Amino acid sequence: MSEIVSEIVAATVIVTSPGRNYVTLKVTTRDGVVGWGDATLNGRELAVAAYLRDHVCPLLIGRDAHRIEDTWQYLYKGSYWRRGPVTMTAIAAVDMALWDIKGKIAGLPVYQLLGGAARDGVLVYGHASGRDVPEMLDDVARYLDLGYRAVRAQAAVPGLEGTYGVPEAGQSVYEPAGSARPQEDYWDTERYLRFAPDMLGAVRERFGFGFHLLHDVHHRLSPNEAGRLGRDLEPHRLFWMEDPTPAEDQSAFRILRQHTTTPIAVGEVFNSIWDCQQLITERLIDYIRTAVSHAGGITHLRRIFGLAELYGVRTGSHGAGDLSPVSLAAALHVDLAVPNFGIQEYMGHAEPADEVFLTSYTFSDGYFHPGQAPGLGVELDEKAAAAFPYEPRYLPVNRRRDGSVHDW
Ligand code: CS2
Ligand code: MG
């Protein structure tokens, strides 16, 4: 039996809602070293909190915090019921916390444990949006003035209430999980397909081609409709068209890929390498967007990105506001170290979050850096967290004009 170098003596789950709900795992070793892991699954937060509290935390006590791979295998294979967003988000939180501890004990930022920096900074893209095209264009201008070199553009589709990606009036950061029961949005594909090319064309018309322009379709088209959109977007030279179709239908991308050269990015709803294996090995996508908090943590994300590198697929990690600052920090450490980095999403977090999560990452001239703090570089203030109790919040549901449910 191998010696326990750094014994885990406590593992607790903190649910807090500074601007939105977050679930955070705290792992403590006998020497008092604390590691943090993000366990937030938007709209299903308490499922992960319970999975951790009832089925994972008790099993961590007495384990060696240094044995990250063994713990990952123990939790993944030991549960028998593999994969899925709840299980893999729980495993991700443990994984992040153990990498945080390992870095703190070594006195090194986690990216140094992953092979060191492969680049000077992490290119990020911001979220420009508007309730109409002029408002969206002004928001793009704001991001460019802030020094962003890549901007995602989303605007409300005329005639559709509650278009994805557009904050409510007064919302500083778009928060889709805004109500105690799912808000019911109305969707019309034809309206969207007529509107999106002109909307994105207006961005190029006003600002030119000197920066990366991205757009999120958010899972809503058929492969043929997505091929039509991709072709209509080709003159606008997008950096990527994101989630054009429901991501789980991997073979559908063979159809889409034949219709357009607009780059494709998929993966934020995936939680394992098996969810994207076909997309990567058949080169059906250009960017893989798996998130450190939903795809098994740093350990599994490195496997996914390693497979992607073999096939010329670059990374484009999910970084929405419902991934906590702990996730953003973990993603930045991986982004800095991987050879096939593409871009990192940065949506930002609603103000009160910075009262709870004390971060070390920095932004300059369009690039983030995770910083030199040992571990992940984020600490959670438990006293501050206690001031923001959990509130039930659900993501919206999309319906077509005939009332049937569509992809949101
Ligand atoms: C979006 C996300 O950021 C994105 O690319 O797809 O905002 C997504 O809608 C949320 O993470 C869902 O919780
Ligand atoms: Mg998305």
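**Notebook: magnesium site and salt bridges**

I began with the magnesium ion (ligand 2), whose donor residues follow the spacing D-x25-E-x25-E in sequence. This is a predicted model, where local features need pLDDT of at least 70 and side-chain atom pairs count only at pLDDT 80 or more, while totals for chains, interfaces and linings use all residues. Residues are numbered from 1 along each chain as its sequence is written, and side-chain values use heavy atoms, with hydrogens and water left out.

Next I looked up the donors (N, O and S atoms within 2.8 Å of the metal, or 3.2 Å for Na, K and Ca; water is not among the atoms, so sites may look incomplete). The protein gives Asp-216 (OD), Glu-242 (OE) and Glu-268 (OE), at 2.0 to 2.3 Å from the ion. Glu-242 sits in strand β8, and Glu-268 in the loop between β9 and α9, 26 residues apart. I took helices (H or I, at least four residues) and strands (E, at least two) as DSSP runs, numbered from the N terminus.

Then I checked burial (buried is under 20% relative accessible area, exposed over 50%, partly exposed in between; 1.4 Å probe, protein chains only). Glu-242 is buried at 0%, and Glu-268 is buried too, at 12%.

I searched for salt bridges (a side-chain nitrogen of Lys or Arg within 4 Å of a carboxyl oxygen of Asp or Glu). The whole structure has 24. One network links Glu-242, Glu-268, Arg-289 and Glu-345.

Arg-83 pairs with Asp-275 at 3.3 Å, and these two are 192 residues apart. Arg-83 is partly exposed at 34%, but Asp-275 is buried at 16%.

Terms used:
Chains lettered and ligands numbered in written order.
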